[in-house]
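Let's take a look at how two protein chains sit against each other, and then zoom in on one residue. Have the sequence and the 3D view ready.

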Amino acid sequence: MSIIEIKDVKKNFHNLEVLKGVSFNVEKGEVVSIIGPSGGGKSTLLRCLNCLETYDSGSIKVIGEDLKEIKDMNSFRQKVGMVFQQFNLFANMNVLNNCIFAQTKALKRNKDEAKKIALENLQKVGMEKFINAYPNTLSGGQKQRVAIARAISMNPEILLFDEPTSALDPEMVEEVLNVIRSLVNKGLTMIIVSHEIDFVRDISDKIIFMDDGIVAESGSPKEIFTNPKNERTKVFLRKVIRN
Amino acid sequence: MINCFKMFSMDSRLLEIFLNSFTRILIPGLLVTIPLTIVAFFLAMIIAVVVAIIRFANIKILKDICRFYVWIIRGTPLLVQLFFAYYGLPKLGITWTSPFICAVLVFAFNEGAYASETIRGSLNSVSEGQIEAGYCVGMSYLQIMWRIVLPQALRAAFPSLMNGLIGMVKDTSLASNITVTEMFFVTRTIVTTTYEPLLLYLEVALIYLLFSSILSKVQTVIEKKLNAQVGK
Ligand SMILES: Nc1ncnc2c1ncn2[C@@H]1O[C@H](COP(=O)(O)OP(=O)(O)OP(=O)(O)O)[C@@H](O)[C@H]1O
Ligand SMILES: [Mg+2]
């Protein structure tokens with residue numbers, strides 16, 4: 001059984017058909033990257049996977065649960081972490097509390113254990129020196145690394161990334177990508193929406209090319225990048241690689 | 001102006017009235033005006049937070065009731081609300097054990113309506129992304145509201161809420177009209193026996209000014225603390 005099973009998912013925003021029948025599976029521990037032109041429905045699909053967005057038809061199963069039949073939404077979401085383009089750190093909490101808060105509130109870990117886990121993860125992302133800092137004093141790259149520490153402190157089974165480096169100044173992109181690289185090989189399933197072509201080629205087990213609400217092409221990085229079959233994939237890759 | 005100066009410096013009778021009445025006015029200030037303000041403001045904050053969250057969260061029916069409440073309160077004069085509650089409601093069988101309690105409730109509901117609008121605006125200013133991030137780490141809506149959104153909203157609303165508090169200190173003088181023996185009520189009584197309106201109204205004004213100034217100072221200190229906390 002795949003950890004994520006997406007079958008013929010469709011979604012409209014009012015009159016706009018954003019997902020037009022998307023299907024694919026993700027296996028446990030896989031790193032899957034979704035690429036494609038702007039407006040193609042990548043974020044929408046990703047947000048459907050943790051129920052931030054609903055879909056109109058088709059079916060999505062995540063960790064064995066049909067998303068339309070989830071009884072305990074909060075405990076489901078603890079298993080599916082998300083890292084956002086805009087970081088979305090809790091502005092009224094310092095770095096450490098950003099990473100502790102949900103552990104104690106949602107997972108009911110005791111304070112000491114939560115703190116220990118948060119510190120470990122902040123160390124992993126290289127932010128252990130900033131535990132008392134508030135988000136508005138950090139750079140974009142630092143904020144994103146804290147956001148990643150916050151997400152992995154919940155020990156999720158799946159981690160979703162929606163353009164984690166798109167809001168960063170160029171010189172900060174690499175530090176965040178390196179942190180994401182360091183998460184691979186930990187049995188963690190990751191789905192990454194990104195325009196960092198070299199990065200996704202490097203890190204992914206599978207590439208999904210989404211365009212205009214459908215999966216236009218999917219395959220290994222090698223298949224997609226060296227030998228794309230779909231005309232739209234070719235056009236897209238020519239554009240991004242030239243940039 | 002010079003006349004006025006002479007009047008104060010030369011007339012020992014005026015000085016005596018001034019000094020005698022000072023404590024007579026200050027004591028109801030400390031025992032009535034301030035408790036009235038504090039209790040009413042505290043209740044107002046509870047009402048405001050509840051109303052703001054109901055409207056922010058778009059809870060059916062309750063939302064409409066809250067909107068109606070804010071509409072009524074903001075659309076009618078405070079003095080009319082006081083009279084309506086104190087003299088009008090008893091005709092409907094709602095009686096007050098003391099005018100003080102009536103005043104507390106009227107001020108609480110009045111300020112609660114205004115403050116709820118302030119807080120609602122600040123709730124909207126907290127980024128939607130933080131709410132989503134809260135969901136993504138498995139927190140419930142109430143946990144997110146209570147621990148993430150509301151603290152930020154109250155911080156943002158703090159200066160306006162303090163304005164409301166300072167306004168309320170002064171507005172409590174209206175309660176003299178429904179026989180609450182607060183500072184202004186007492187001042188008016190003293191004026192009727194001494195016939196010194198200029199001196200006494202000036203005196204009570206100074207005491208209101210003193211109270212408001214203290215509150216402004218408190219506001220500045222707390223604001224600095226709040227800003228330091230989030231690294232501003
Ligand atoms: N909440 C919404 N309401 C209405 N339309 C929306 C909403 N969210 C997204 N859309 C529309 O849905 C389409 C797909 O958006 P989506 O954000 O999923 O694309 P994307 O592939 O992530 O694009 P990008 O690379 O720019 O992030 C777009 O046309 C967008 O304008
Ligand atoms: Mg997007």
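Which side chains of B:Glu132 and its partner in chain A meet in a salt bridge? The partner is A:Arg47, and the N to O distance is 2.7 Å. Keep in mind that this is a predicted model.

## Where the chains meet

That pair is the whole tally: the count between chain B and chain A is one salt bridge. There are also five residue pairs in polar contact across the interface, with both partners at pLDDT 80 or more.

On the chain B side, α6 (128-136) and α7 (141-171) each bring at least two residues to the surface touching chain A. Of the elements there, α6(B) gives the most, with seven residues. Sorted by type, the chain B side has eight nonpolar, nine polar and four charged residues.

## How much gets covered

The contact draws on 26 residues from chain A and 21 residues from chain B. Together the two chains bury about 2000 Å², and 60% of that is on carbon and sulfur atoms. In chain B, the residues losing the most area to chain A are B:Cys136, B:Val137 and B:Arg147, which together make up 29% of what that side buries.

## A buried lysine

Now hop over to A:Lys11, found in strand β1 (residues 4-13) of chain A. A:Lys11 is buried, yet it has no salt bridge. Why no salt bridge? The nearest side chain of opposite charge, A:Glu53, is 4.3 Å away, and the cut-off is 4 Å, so the pair doesn't count.

Leaving out residues up to four places away in sequence, A:Lys11 touches several others, among them A:Leu16, A:Thr44, A:Cys48, A:Glu53 and A:Tyr55.

Note on methods:
Residues are numbered from 1 along each chain as its sequence is written. Chains are lettered from A and ligands numbered from 1 in the order in which they are written. This is a predicted model: local features need pLDDT of at least 70, side-chain atom pairs count only at pLDDT 80 or more; totals for chains, interfaces and linings use all residues. Side-chain values use heavy atoms; hydrogens and water are left out. Helices (H or I, at least four residues) and strands (E, at least two) are DSSP runs, numbered from the N terminus. Buried means under 20% relative accessible area, exposed over 50%, partly exposed in between (1.4 Å probe, protein chains only). Lys and Arg count as positive and Asp and Glu as negative; His and the chain ends are not counted. Contact means heavy atoms within 4.5 Å. Buried area is the accessible area (1.4 Å probe) that two parts lose on being put together, summed over both. A polar contact is a pair of N or O atoms within 3.5 Å; within protein, one must be able to donate a hydrogen and the other to accept it, and residues adjacent in sequence count only if both atoms are side-chain atoms. Ala, Val, Leu, Ile, Met, Phe, Trp, Tyr, Cys and Pro count as nonpolar, Asp, Glu, Lys and Arg as charged, and the others, Gly among them, as polar.
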